[in-house]
Structure formats: structure tokens, C-alpha cells
Amino acid sequence: MTIKEALSWARQELKDSCERPQYDAELLLAYILQQDRTYLITHDNDTIDIKKYKELIARRKNNEPYEYIIGKASFYDIHLHVEEGVLIPRPETEILIDLVADIIKKENITRIAEIGVGSGAISIVLARKFPKLKSIATDICDTPIKVAQLNINKYELSERIELRKSNLIDEVSEPIELVVSNPPYIAEDFLLASNVVDYEPKEALFGGRVGDELLKQIILDVKARDIKWLACEMGYDQKEPLQAFVNELGVKSIQFYKDLAGHDRGFVIEFNQGNNNE
Ligand SMILES: C[S@@+](CC[C@H](N)C(=O)[O-])C[C@H]1O[C@@H](n2cnc3c(N)ncnc32)[C@H](O)[C@@H]1O
């Protein structure tokens, strides 16, 4: 079969399950041939062995995310190894990183913790931006710890990012100036697309019955530890309950931010220092 015929066959296969069947068909063939997509156009009459391609197209047809099929995700300015058991990092998390970077710069912060490291996306990008930064990154699951370590090694950051298996920051007793987290925050009965719910880890998605339970626990834990800054991603409908929660708790300030689609997407809290009981 020629490249042109293979692409035409794959596009038909994917037309009901993918938003962009032609694009996905090209990406997967380019991945197999270890070429870029323009090669497919300039070599469209070349004959190829289609066995492996058929396998990958069948997986994609079944809604498996492209990133799991190829074992790689692009995020910010890096490429991360990903596999089932680890959340595929999302573009909106780049906004959280930029906000945290502003605070790190402004406050000269050198010690942070991340809760829920996943593939390592947040901690790795921040460590690459700030050569003096050290972080302790936790996760409650084994696969994210294993995958994050691979990615940390790839970017030669093992001296500055320490991974720890922990519930939230329970196992982090060192002095920390800022905590960053993109925790699971989806309500347990929320209907998600098949490519997400059938493949991505439940521990990375669902934050409890309502969804914001873990976020509230993180706010309580960071306050109890007298850490000054907390920056978190959250769900589009969680601003109101979290605002009410921190009003009750008492914090120095909370700023919510939106994602590029204009949805509420997260917050930065500055806590009052040295007074945990207000
Ligand atoms: C939404 S994913 C975020 C992954 C990564 N930081 C990112 O932004 O792509 C949430 C991560 O939190 C971890 N997690 C869930 N509950 C946790 C807990 N109680 N303590 C620590 N990590 C937890 C999950 O295993 C998952 O890796």
C-alpha cells in the first residue's frame, strides 16, 4: 500500500471517533516512519508495510489518546514521557506555571513543593526556569512517581527535584515557601469523554463527590504548615465554593484566574504568616 492509500484508509477508519481524522492519521503514520508530516506529502507514492500502522489506528479508533499511543506529550517547552497511569499534561496548566513563576521571581523563592506530580510537567518546567529552585514533588500513586523520575532524569534535574510518595504534603516536613498543585478536582458523577475516562487514571481526575474536597484539604494543610503561598488549578465551577471556604478560614488574599477559554481555572492564595488560628 502507498502512503497516500494508507492515509485514505486510516482517515475512513477514524472518521467516527476522531475530531480530526486526517490529522490523526498523518500524525500516527509520521510517528511510525519517524518522519515529519510533510514527508508524507512529498513521498505519497512510496510503498509501506501497513501492519504496525493498522495496530495503532485500531487503538486510536478505540479513543486511546494519541499521547499514550506514542508515549510522549508536548508541554510548555519540553517533551515528556507519558503512559497509562499518568495524566497527559494539559495546555491550561501552563497558565498556572506562569503565575507561579511570577511569584517565585518577585519573592526570590528557592524552596517549593508540588502536590500530585503526575508526569513531572509543573516541577520540571519551573526547575528549568529557575536554576536555584529546589522542589519536593509528591504523588499518592506509584506510576506517576516512576514516570516523573524518568522525565526528571531526562532533563538532568534529579539534584533539584525530589520525588516523594505521599498523601498531599503529609511526608514533607522541610521548610517550604510555596506549594503548587493541579490536583484531581472533577466531581465523581461528572460525565467525561471516553478518551479521558477510559484511559486516564481516576486518581488524577476525581477530587471527591463534589470535586473540590481535595482542594479544600490542600488549602487547610498549607495554612496549617504556615506556608505563605499556594497556587492551584481548579474546576470552572469551583470559584464560589472556594471563595466562601477561604472567607471562612481567613487568608491574606485570594486571586482567581481564568483559562484561555475564559473559564475560571485556578487561584493563588497568600496566607497570613505566623497566625494559623485566625
Ligand atoms: C490532575 S493530575 C496532575 C498531574 C500533573 N501535575 C499535571 O499537571 O499534569 C493529579 C495528580 O495528583 C495525584 N494525587 C491524587 N490524589 C493525591 C493525594 N491525595 N496526594 C498526592 N497526590 C495525589 C494523582 O495521582 C495525579 O498524578
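Me: Which residues are the closest to the ligand?
Reply: In this predicted model, the ligand is surrounded by 21 residues. By class, this shell has twelve nonpolar, six polar and three charged residues. The closest of the surrounding residues are Gly116, Asp139, Asn167, Leu168 and Asn182.

Me: How far from an oxygen atom of the ligand does a polar side-chain atom of aspartate 139 lie?
Reply: Aspartate 139 is among the residues closest to the ligand. A polar contact requires a pair of N or O atoms within 3.5 Å. The polar side-chain atom of aspartate 139 and the oxygen atom of the ligand are separated by 2.6 Å.

Me: What percentage of the accessible area of the ligand does the protein cover?
Reply: Backbone atoms also approach the ligand: a backbone N or O atom of valine 117 is 3.4 Å from a nitrogen atom of the ligand, and a polar backbone atom of isoleucine 140 is 3.3 Å from a nitrogen atom of the ligand. On its own, the ligand has 600 Å² of accessible area. The share of this area covered by the protein is 96%.

Me: In which pocket does the ligand sit?
Reply: The protein covers 96% of the accessible area that the ligand has on its own. The place where the ligand sits is the largest pocket.

Me: Is arginine 164 buried or exposed?
Reply: Arginine 164 belongs to strand S5, which spans residues 161-165. Its relative accessibility is 16%, and a residue is buried under 20%. Arginine 164 therefore counts as buried.

Me: With the side chains of which glutamates does the side chain of arginine 164 make polar contacts?
Reply: One polar contact of the arginine 164 side chain, at 2.8 Å, is with the side chain of glutamate 162. Another, at 2.7 Å, is with the side chain of glutamate 174. The two partners are thus named as glutamate 162 and glutamate 174.

Me: Is proline 175 buried or exposed?
Reply: Proline 175 is placed in the loop between S5 and strand S6 (178-181). Its C-alpha atom is 7.5 Å from that of arginine 111, although the two residues are 64 residues apart along the chain. Because the relative accessibility of proline 175 is 56% and the cut-off for exposure is over 50%, proline 175 counts as exposed.

Me: What is the relative accessible area of isoleucine 3?
Reply: Isoleucine 3 lies in helix H1, which covers residues 3-14. Its C-alpha atom is 5.9 Å from that of aspartate 46, a residue 43 residues away along the chain. Isoleucine 3 is buried, and its relative accessible area is 1%.

Me: Why is helix H7 described as largely enclosed by the rest of the structure, and how many of its residues are buried?
Reply: Helix H7 consists of nine residues, 121-129. The buried ones are Ala121, Ile122, Ser123, Ile124, Val125, Leu126 and Ala127. The helix is largely enclosed because the number of its residues that are buried is seven.

Me: How far apart in space are the C-alpha atoms of glycine 118 and arginine 265?
Reply: Glycine 118 is in the loop between strand S3 (111-115) and H7. Glycine 118 is buried, at a relative accessible area of 13%. In sequence, glycine 118 and arginine 265 are 147 residues apart, and from C-alpha to C-alpha the distance is 19 Å.

Me: What percentage of the residues of the protein chain count as buried?
Reply: The protein chain has twelve helices and eleven strands. Along the principal axes, its C-alpha atoms fill a box of roughly 70 × 40 × 30 Å. Of its 278 residues, the share that counts as buried is 49%.

Key: Residues numbered from 1 in each chain as written. Predicted model: local features only at pLDDT ≥ 70, side-chain atom pairs only at ≥ 80, totals over all residues. Heavy atoms only, no water. Near = heavy atom within 4 Å. Polar contact = N/O pair within 3.5 Å; in protein donor to acceptor, adjacent residues only side chain to side chain. Areas by Shrake-Rupley, 256 points an atom, 1.4 Å probe, with all protein chains shown as cover. 1 Å grid on protein atoms, 1.4 Å probe; cavity = no way out; pocket = protein on both sides within 12 Å on 5 of 7 lines; lining within 4 Å. Sits in = over half its atoms within 2 Å of the grid points. Nonpolar A, V, L, I, M, F, W, Y, C, P; charged D, E, K, R; others polar. Helix = DSSP H or I, 4+ residues; strand = E, 2+ residues; numbered from the N terminus. Buried < 20%, exposed > 50% of the residue type's maximum accessible area, 1.4 Å probe, protein only.
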